[in-house]
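Work through the following exercises with the structure in view, and try each task before you read its solution.

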6 protein chains.
Amino acid sequence: MKAKIEQVGVLLDALPYILKYKDEIFVIKYGGSAQTSPVLKEKFARDIILMYLVGIKPVIVHGGGNAIGEMLDRLQIGSHFVDGLRVTDAQVMEVVEMVLSGSINKEITALLNLHGAKAIGVSGKDAGMIHAEPVDFEKYGFVGKITAIDESVIRNLIAERFIPVIAPIGSAGSGDHPGFNINADTAAGYIAASLGARKIIFMTDTPGVKRADGAFAHTLNEQEIETLRKAGVIAGGMIPKVEACLHAVKGGVKKAHIIDGRIEHALLLEIFTSEGVGTVIKP
Amino acid sequence: MKAKIEQVGVLLDALPYILKYKDEIFVIKYGGSAQTSPVLKEKFARDIILMYLVGIKPVIVHGGGNAIGEMLDRLQIGSHFVDGLRVTDAQVMEVVEMVLSGSINKEITALLNLHGAKAIGVSGKDAGMIHAEPVDFEKYGFVGKITAIDESVIRNLIAERFIPVIAPIGSAGSGDHPGFNINADTAAGYIAASLGARKIIFMTDTPGVKRADGAFAHTLNEQEIETLRKAGVIAGGMIPKVEACLHAVKGGVKKAHIIDGRIEHALLLEIFTSEGVGTVIKP
Amino acid sequence: MKAKIEQVGVLLDALPYILKYKDEIFVIKYGGSAQTSPVLKEKFARDIILMYLVGIKPVIVHGGGNAIGEMLDRLQIGSHFVDGLRVTDAQVMEVVEMVLSGSINKEITALLNLHGAKAIGVSGKDAGMIHAEPVDFEKYGFVGKITAIDESVIRNLIAERFIPVIAPIGSAGSGDHPGFNINADTAAGYIAASLGARKIIFMTDTPGVKRADGAFAHTLNEQEIETLRKAGVIAGGMIPKVEACLHAVKGGVKKAHIIDGRIEHALLLEIFTSEGVGTVIKP
Amino acid sequence: MKAKIEQVGVLLDALPYILKYKDEIFVIKYGGSAQTSPVLKEKFARDIILMYLVGIKPVIVHGGGNAIGEMLDRLQIGSHFVDGLRVTDAQVMEVVEMVLSGSINKEITALLNLHGAKAIGVSGKDAGMIHAEPVDFEKYGFVGKITAIDESVIRNLIAERFIPVIAPIGSAGSGDHPGFNINADTAAGYIAASLGARKIIFMTDTPGVKRADGAFAHTLNEQEIETLRKAGVIAGGMIPKVEACLHAVKGGVKKAHIIDGRIEHALLLEIFTSEGVGTVIKP
Amino acid sequence: MKAKIEQVGVLLDALPYILKYKDEIFVIKYGGSAQTSPVLKEKFARDIILMYLVGIKPVIVHGGGNAIGEMLDRLQIGSHFVDGLRVTDAQVMEVVEMVLSGSINKEITALLNLHGAKAIGVSGKDAGMIHAEPVDFEKYGFVGKITAIDESVIRNLIAERFIPVIAPIGSAGSGDHPGFNINADTAAGYIAASLGARKIIFMTDTPGVKRADGAFAHTLNEQEIETLRKAGVIAGGMIPKVEACLHAVKGGVKKAHIIDGRIEHALLLEIFTSEGVGTVIKP
Amino acid sequence: MKAKIEQVGVLLDALPYILKYKDEIFVIKYGGSAQTSPVLKEKFARDIILMYLVGIKPVIVHGGGNAIGEMLDRLQIGSHFVDGLRVTDAQVMEVVEMVLSGSINKEITALLNLHGAKAIGVSGKDAGMIHAEPVDFEKYGFVGKITAIDESVIRNLIAERFIPVIAPIGSAGSGDHPGFNINADTAAGYIAASLGARKIIFMTDTPGVKRADGAFAHTLNEQEIETLRKAGVIAGGMIPKVEACLHAVKGGVKKAHIIDGRIEHALLLEIFTSEGVGTVIKP
């Protein structure tokens with residue numbers, strides 16, 4: 001009985017957070033180990049359901065991780081990177097969409113539904129949600145940058161109490177076009193800003209953003225990020241993440257989080273306890 | 001960090017219960033030590049808020065406990081009991097209403113509001129909610145029995161997302177009438193049945209209902225109750241409680257609980273853990 | 001038959017007023033003889049119902065009159081006045097709330113319900129409606145001044161077609177606090193302003209506000225009130241009433257009335273006939 | 001002041017009736033002197049507005065009285081009666097519609113609007129409201145009997161808070177057809193039944209229905225009507241009225257009234273006082 | 001089969017227009033041959049239904065054409081014109097209203113209903129829709145100019161999915177007044193502006209507006225109209241039409257069209273094909 | 001101009017069909033050449049948009065055609081057929097889902113959105129829409145049969161005015177399960193029945209169902225189908241189609257159509273012209 005009483009004590013510690021976040025939209029960029037480890041996937045799903053049941057409106061954005069590269073290899077389609085971007089010709093784009101929308105998106109959707117959610121998997125091409133144009137067609141092919149978000153689609157889904165799970169494919173808006181391969185971090189940032197989300201949370205395989213001294217930063221602002229970036233401390237895959245964070249907080253999102261998705265229940269820890277698990281970027 | 005992870009594990013253990021009880025009405029008969037101990041009051045309030053935030057619709061019914069007797073003493077109004085019922089003349093009735101609606105009801109309402117609820121305190125006379133007639137005017141005066149519940153009033157309040165806190169005063173429906181003093185347990189049972197509540201929970205100062213052998217019963221059905229009552233095992237103040245339980249479950253309520261309100265967070269233990277804390281009465 | 005025809009003629013004389021006031025909120029500060037005389041109470045109730053049925057949205061605010069003093073005497077709790085305010089310690093406050101919310105509020109609510117209304121009695125502490133802080137705790141104890149009104153609670157009740165009957169108790173908003181004793185006239189003025197009421201009407205035991213020459217004023221504006229106040233013509237209990245009137249009309253209420261509640265059907269006379277029965281204060 | 005107090009007393013005498021009839025549909029067959037006398041027209045309009053403002057939903061059905069005959073004369077179009085029905089060829093029908101929909105309907109609508117209503121004049125041909133077929137084309141031409149009422153049209157108008165004013169023209173439902181000339185009493189009866197009206201009231205130039213002994217009947221039932229009809233006591237224009245009353249009450253209308261429209265405010269007298277002014281026909 | 005395939009090809013050519021005009025209000029001034037020729041009437045009705053079914057909200061305004069003059073002749077009521085306006089005394093006004101509201105309005109309404117619409121015929125006097133005052137009572141009598149449009153009436157009807165058919169009679173707003181005879185073109189212009197219609201279309205018996213060289217103008221702007229008017233090229237009945245067009249486009253209507261109603265399906269040609277059939281007036 | 005007039009004549013011929021099908025759900029099983037030919041795809045898209053714009057609610061269900069086989073070949077995953085069903089192990093199932101949900105579903109969705117629709121691509125696993133169990137796990141692996149449809153998901157999407165495009169994947173409802181490969185024809189039949197669709201239309205590469213004499217049948221009923229099936233005339237891929245038709249019409253769908261999708265605009269021909277283009281199966 002004593003254990004049980006402690007248990008409900010824990011439930012009650014979450015009360016102030018539940019009160020604070022009721023009816024708020026949280027955009028979650030799902031990725032890294034949390035997306036591949038069977039144990040972490042399960043915990044992620046339960047975290048999302050709990051958020052949903054206590055009144056938070058989660059919106060999931062995911063990328064493709066290694067699955068796209070693997071499928072290209074299996075299909076013996078060569079592809080290469082320029083400036084860290086996968087050069088995406090029509091054949092590659094076809095695989096990108098198939099893997100993102102057909103495998104990964106559906107896997108996440110199914111995972112959430114199995115735990116009791118009413119999740120629906122959509123692509124940025126569905127109902128014209130993400131409009132894009134080429135970054136530089138000569139250099140990267142169908143790698144796109146976002147020109148507009150029609151967030152009404154997402155709001156329609158939330159209004160019907162769905163949890164939207166979004167694959168970052170962009171629509172060209174006209175013609176017979178394979179669509180655009182969009183960076184998932186960037187897509188998450190734009191979607192959060194367009195929805196006026198309360199929080200955006202990036203699930204990564206790092207404990208957060210490092211400072212120049214190698215220590216992890218608990219909070220960062222725009223200027224600090226600028227400095228770290230110029231110093232090359234923020235580099236590689238962390239760049240689109242911090243940029244997406246800045247885009248989101250400038251667009252009205254209250255806080256952007258880069259958290260360590262390798263920690264079990266990282267999402268709940270961040271949201272429902274006093275213990276932050278990563279770096280917070282504020283306006 | 002480890003402690004925090006265990007903490008969110010606990011949150012997640014509540015998931016199946018949250019899923020099950022979402023949007024269901026729970027009628028809570030509040031009373032006993034849970035209503036008088038400062039520590040237990042605080043915990044009760046937080047339990048109710050948590051229930052409310054995860055989607056349960058709580059409806060609180062309370063009695064007057066000792067406060068009525070104390071106020072009668074302070075006002076030097078004599079009163080006596082016949083068959084366990086306080087004989088209620090007009091002067092006593094005035095005090096009953098004043099104490100129930102003006103002190104206790106408002107105290108509970110304020111308690112809940114302080115913890116973040118949107119509670120509203122009403123009496124069974126408000127908007128004609130509880131209709132009553134005398135049990136036996138000659139013998140008991142304005143002690144009433146319920147003739148009808150207009151549950152639409154409660155539904156109106158729930159629709160506006162209020163937590164109704166109800167004082168068990170009955171309306172005579174006509175004339176210049178002081179109203180009726182209704183047993184709070186009975187009122188709770190009628191209200192639960194009229195609302196088609198999922199659960200009714202009586203908070204008491206006992207571990208539940210005793211069997212003939214002195215052990216506490218985990219579950220009871222109508223026949224067992226009948227037997228225990230004839231044997232005098234169920235007696236005194238437990239009688240209106242079990243009767244209210246039976247009235248509720250016959251009226252469509254799925255389960256009636258008589259729990260030990262002296263245990264901290266007894267409500268959450270009952271609702272969100274596998275560990276029951278009292279006696280369950282089923283149809 | 002002739003009498004009957006004259007009768008319907010009278011009904012029709014009310015038509016222009018009904019057209020004008022349809023769907024408008026009227027805040028009524030109930031008090032004085034209208035609250036104590038059995039004959040006047042009955043007429044008040046019928047007046048309110050008629051207003052309600054022809055489309056006006058009445059909101060009743062009441063004070064405690066002599067009942068609080070009487071109960072304090074009966075309970076042998078001493079209390080005294082400083083600057084016309086009852087010094088309110090915790091023990092007094094408990095009685096204030098009990099009498100206001102438990103006796104008077106419920107009596108008015110029952111009175112209206114008996115005549116066919118769907119009235120609901122609430123206190124300013126319900127759902128955090130009236131927020132207050134001490135006027136001067138050293139001097140007056142729990143005598144409060146209003147810091148904010150959450151009028152959404154009242155609107156929720158009106159939306160469900162209830163007639164709200166409000167006891168002027170203020171909430172401290174946090175901690176274990178007995179609440180605040182608020183002047184009912186002041187509370188009515190704040191509530192009317194927060195709701196953008198069409199009219200606020202104070203029912204008093206005077207024919208209205210006197211001018212310097214002793215005659216009763218039919219209309220007054222802010223400047224005239226200032227002059228009369230400085231001259232000591234407006235004094236005593238009339239001060240909070242005219243201040244509440246000014247607060248209301250500055251806050252958007254079109255007209256504030258101080259009427260003679262000793263006249264039968266004073267409310268209907270004021271609202272539905274060309275014959276005013278008191279003093280009107282305009283912006 | 002005394003006169004004014006009596007005045008509000010009268011207002012209050014109407015209270016029980018207002019409570020009883022709130023949100024109920026009353027179908028009024030308007031006709032006779034009430035439709036032609038300038039004084040009575042004015043009073044009729046004010047009666048209807050008052051009914052409307054206290055929550056009754058009036059629906060007006062009117063006939064053409066002498067205006068059709070006059071216009072036929074002015075246009076030198078001969079017409080004659082067979083079995084009390086005006087034989088209606090296409091030329092006559094054109095005049096019937098023009099006078100009913102263009103003159104009388106608009107006159108009534110304007111009259112109500114001038115007194116503050118939001119009345120809208122429609123014909124039974126609008127939106128396919130009244131479907132009809134010939135009574136006997138060989139004998140009477142375009143004299144129609146009702147085959148169906150599409151009451152949804154009327155409900156749509158009531159939902160937008162209009163007072164519908166209906167000219168009794170029937171639609172043939174197909175082809176290039178002038179429509180049908182429908183008896184206004186009959187149309188009123190069908191409309192009341194289709195709407196499940198609370199009351200139907202026929203305004204006539206008689207004190208009600210006579211009994212065999214020449215006295216006016218206060219109430220009649222179906223059997224009594226049958227007897228009086230066979231005895232020839234109910235005859236002429238009273239026949240379609242009592243038939244329409246019977247059709248209405250059999251179709252669910254609670255009471256049908258044949259009242260003396262020559263009495264000023266006959267409608268209000270009937271509805272809001274204890275003094276009936278004609279014959280009531282009950283199921 | 002080939003013919004059928006061509007047929008659906010045609011359906012599809014309308015797609016871009018359907019997409020563009022969905023949920024937009026189109027005000028149609030109906031008149032000329034389209035209102036008198038049996039063949040054209042039929043085609044007009046089907047055009048309106050099609051517009052309605054693909055999501056356009058048509059509002060029809062009609063005039064009286066020759067029917068008023070004919071009826072005045074048949075009734076031997078003399079009338080004459082001053083400055084192109086029919087001098088309208090009370091006797092003439094009565095006929096104007098009767099013919100407009102009773103014959104023409106109902107004929108159009110019936111025509112539309114027979115083809116499957118839910119049309120409702122109203123006059124500008126219904127529910128106080130068109131408020132007017134005399135142009136110059138001395139000279140023209142009850143010829144009115146519009147002072148205000150209460151477009152909420154039309155919106156109420158559209159909300160219930162009616163097609164409003166409006167007779168251009170104006171209300172004086174008070175007293176025993178026959179109403180005003182309003183120019184139908186002018187009424188259409190005011191109604192379109194008050195509703196923020198997408199288009200206003202005048203159906204005439206000309207191919208459009210002539211330029212100085214006698215050729216028909218495809219588009220005109222305000223300045224060109226001014227020039228043509230001063231030059232007397234725009235004259236007679238075309239003046240109120242172009243003025244109504246200018247009033248509408250200045251009031252927010254996107255395009256005003258003066259089309260040749262003698263061409264079969266002129267409305268659909270204008271709306272659903274690339275081929276314009278008259279003159280367009282733009283802001 | 002003449003051509004244009006003929007053109008609008010064609011538009012009008014569709015009127016009766018538009019009236020008849022307004023607000024009705026049509027389930028379209030998309031497949032065959034209509035899904036592969038660039039020309040036919042384009043025409044299919046425009047057909048669907050037109051249906052949508054005139055008020056029909058289309059729901060698209062698609063299969064995978066040859067794309068699944070091709071992808072299995074490219075990935076060098078062997079697979080074979082037993083009883084005409086592709087034996088589906090976990091590896092094959094992964095490809096089935098990826099191709100259905102990621103390539104084909106998104107291609108159709110994008111196609112519709114490019115033509116102006118608000119289409120959303122979902123799988124039967126989204127929000128638990130299609131529940132399934134193995135047909136015979138030993139023999140066929142993850143080939144599933146439908147146990148239940150949660151049509152509320154589809155209704156939610158239609159309520160937000162989306163066109164749902166559904167991939168026939170079934171959910172096992174629990175555990176870590178790859179889902180089920182469902183026959184698309186069967187899925188369409190179940191979905192149509194669950195929605196109470198007006199029509200279900202199968203787009204095939206045949207002119208319809210053949211009779212025993214080799215002629216194509218315009219209509220068939222259950223008994224005829226039974227006979228043809230026993231005679232082996234209905235065989236192969238036509239079997240699930242006729243079974244789905246029977247399931248749909250028994251479940252309340254009014255008509256099931258098997259049409260020749262190779263004919264341009266076959267859908268519109270079937271829906272909007274008098275010329276049927278295949279076989280109709282009626283209850």
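**Exercise 1.** Find how much area is buried between chain B and chain C, and say which residues of chain B supply the most of that chain's part.

*Solution.* In this predicted model, the area buried between chain B and chain C is about 2,900 Å², and carbon and sulfur atoms give 58% of that area. Turning to chain B, we find that Arg74(B), Met98(B) and Lys106(B) supply 19% of the area it buries against chain C, which is more than any other three residues. The contact itself takes 35 residues from chain B and 35 residues from chain C.

**Exercise 2.** Describe the polar side of this interface, and then state which elements of chain B take part.

*Solution.* Begin with the salt bridges, of which there are two between chain B and chain C. One of them joins Lys106(B) to Asp126(C), with the closest N and O atoms 2.9 Å apart. Next, count the residue pairs in polar contact across the interface, which number 12. On chain B, the elements α5, α6, β5 and α8 each supply at least two residues of the side that touches chain C, and α6(B) gives the most, with 12 residues. Sorted by character, the residues of that side are 15 nonpolar, 13 polar and seven charged.

**Exercise 3.** Decide whether helix α4 of chain B is mostly covered or mostly open, and compare its span with the expected one.

*Solution.* The helix covers residues 38-53 and reaches 23 Å from its first C-alpha to its last, close to the 22 Å expected. Of its 16 residues, 12 are buried, so by the cut-off of under 20% relative accessible area α4(B) is mostly covered. Among the buried residues are Phe44(B), Ile48(B) and Tyr52(B). After the helix comes Gly55(B), whose phi is positive, near 105°.

Terms used:
Residues numbered from 1 in each chain as written. Chains lettered and ligands numbered in written order. Predicted model: local features only at pLDDT ≥ 70, side-chain atom pairs only at ≥ 80, totals over all residues. Heavy atoms only, no water. Helix = DSSP H or I, 4+ residues; strand = E, 2+ residues; numbered from the N terminus. Expected span 1.5 Å × (residues − 1). Buried < 20%, exposed > 50% of the residue type's maximum accessible area, 1.4 Å probe, protein only. Contact = heavy atoms within 4.5 Å. Buried area = accessible area lost by both parts, 1.4 Å probe. Salt bridge = Lys/Arg side-chain N within 4 Å of Asp/Glu carboxyl O. Polar contact = N/O pair within 3.5 Å; in protein donor to acceptor, adjacent residues only side chain to side chain. Nonpolar A, V, L, I, M, F, W, Y, C, P; charged D, E, K, R; others polar.
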